[in-house]
Amino acid sequence: MLNKIDEIIHEIESFNSTIAEEIDQFRIKLMSKKGAITQLFGEFKSVPVEQKKEFGQRLNELKNKAADKLAQLSESIASKDKEYSGLDLSLPGDPIQLGSRHPVSIIKNEIVDIFARLGFSIAEGPEIEDDWHNFTALNFPEEHPARDMQDTFFIEKKPDVLLRTHTSSVQVREMKNSQPPIRKIFPGRVFRNEAISARAHCIFHQVEGLYIDENVSFADLKQTLLYFAQEMFDAETQIRLRPSFFPFTEPSAEVDVSCMLCGGKGCNVCKYTGWLEILGCGMVDPNVLENCGIDSEKYTGFAFGMGIERIAMLKYGVKDLRLYFENDVRFLKQFSAAY
Ligand code: DAH
């Protein structure tokens with residue numbers, strides 16, 4: 001009988017399973033009414049008195065071993081269940097958020113596309129410029145107060161190296177490098193030493209346009225800008241030109257579009273004038289043509305420059321320029337692009 005106990009102990013020690021049914025079978029085999037251990041307890045009566053003590057001790061030892069083993073097995077199953085609880089493999093996955101084009105890029109692409117239909121192609125220039133391309137060639141005389149129109153970030157002084165304050169510097173490069181006819185637009189980032197507010201930023205984007213050929217007239221400029229305004233806003237949009245001053249154009253004008261929100265009747269966006277300013281323009285000053293190696297007797301041309309954020313603000317009804325630079329996806333994902 002003691003052999004039998006050893007046999008069962010050996011069986012208990014070598015048993016292992018992580019399957020609940022198997023463990024239950026094992027429990028039944030040992031501990032149920034007809035189980036091996038229960039039977040041994042039944043046989044206890046017939047053990048000779050002098051062996052009862054040892055047999056009883058071994059039998060208790062066996063019973064405890066079996067109980068410990070079963071407790072240990074069922075605990076390991078429970079912790080395994082816990083690991084998987086809450087994991088529902090049939091749930092749909094987290095959707096992957098699609099990125100979207102930045103509104104400034106959308107408007108830039110739209111501007112480029114409109115002028116492409118008129119035969120304008122794109123060129124780009126460096127963001128770090130020298131004084132000559134940003135100012136001098138554009139007819140800003142040295143020490144002239146017109147340079148204060150644009151607060152400049154200087155990288156080095158004498159000779160001046162700076163962050164370009166406008167994309168007009170690219171028209172200089174283009175005229176230096178090629179001869180008319182030139183029909184190009186220059187989109188890009190520009191920098192000004194301005195306090196950041198809802199209406200101004202130290203970094204923003206412009207698109208500059210340049211058309212130089214024989215007999216280019218102010219009427220060509222007007223018609224080009226009217227076409228642009230009607231394509232960008234809507235077919236009813238009107239433009240008006242107000243005389244202005246830029247060192248690099250003569251005559252110069254600022255261009256307003258009729259307010260697309262009130263149709264020109266007057267509202268709080270156009271400050272009850274019916275008009276919204278969108279760009280500056282003019283006929284390229286003969287001095288600029290000559291500075292860039294173009295014969296001003298033979299050729300004339302027009303130029304214009306606009307802020308991309310400004311157009312985007314009008315088009316989307318965004319009132320705070322800073323939103324374009326904060327990278328808040330809740331703002332950015334509202335713009336969907338055909339461009
Ligand atoms: N460069 C000007 C600015 O940044 C914009 C501008 C005005 C560009 C008139 C032009 C122009 O080409 O003719 O404010």
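**View 1. Cysteines that stay unpaired.** The sulfur of C267 has the sulfur of C259 as its closest cysteine sulfur, 3.7 Å away, which is too far for a bond. C270 tells a similar story: its closest cysteine sulfur, in C262, is 3.7 Å off, too far for a bond. A disulfide is a pair of cysteine sulfur atoms within 2.5 Å, and by this rule the count comes to zero. C267 is buried, with a relative accessible area of 15%, and C270 is buried as well, at 3%. Here buried means under 20% relative accessible area, exposed means over 50%, and partly exposed lies in between (1.4 Å probe, protein chains only).

Before you go on, please note that this is a predicted model, in which local features need pLDDT of at least 70 and side-chain atom pairs count only at pLDDT 80 or more, while totals for chains, interfaces and linings use all residues. Residues are numbered from 1 along each chain as its sequence is written, and side-chain values use heavy atoms, leaving out hydrogens and water.

**View 2. The ligand and its neighbours.** Look around the ligand and you will find 16 residues (each with a heavy atom within 4 Å of it). The closest are H166, S168, R192, Q206 and E208. A polar side-chain atom of H166 lies 3.0 Å from a nitrogen atom of the ligand. From the side chain of E208, an N or O atom is 2.6 Å from a ligand oxygen atom. F304 takes part through its backbone, where a polar atom is 3.3 Å from an oxygen atom of the ligand. On its own the ligand has 350 Å² of accessible area (Shrake-Rupley method, 1.4 Å probe), and the protein covers 92% of this.

**View 3. The largest nonpolar core.** This core has 46 residues, of which I111, I278, F304 and M306 touch the most other members. A nonpolar core is a set of buried Ala, Val, Leu, Ile, Met, Phe, Trp, Tyr and Cys residues joined through side-chain atoms within 4.5 Å. Helix α5 (103-116) gives the most to this core, with seven residues. Helices (H or I, at least four residues) and strands (E, at least two) are DSSP runs, numbered from the N terminus.

**View 4. I182 in its strand.** I182 lies in strand β5 (residues 182-191). At 3% relative accessibility, I182 counts as buried. Leaving aside neighbours within four places in sequence, I182 is in contact (heavy atoms within 4.5 Å) with residues including E174, L210 and I294.

Methods:
Polar contact = N/O pair within 3.5 Å; in protein donor to acceptor, adjacent residues only side chain to side chain.
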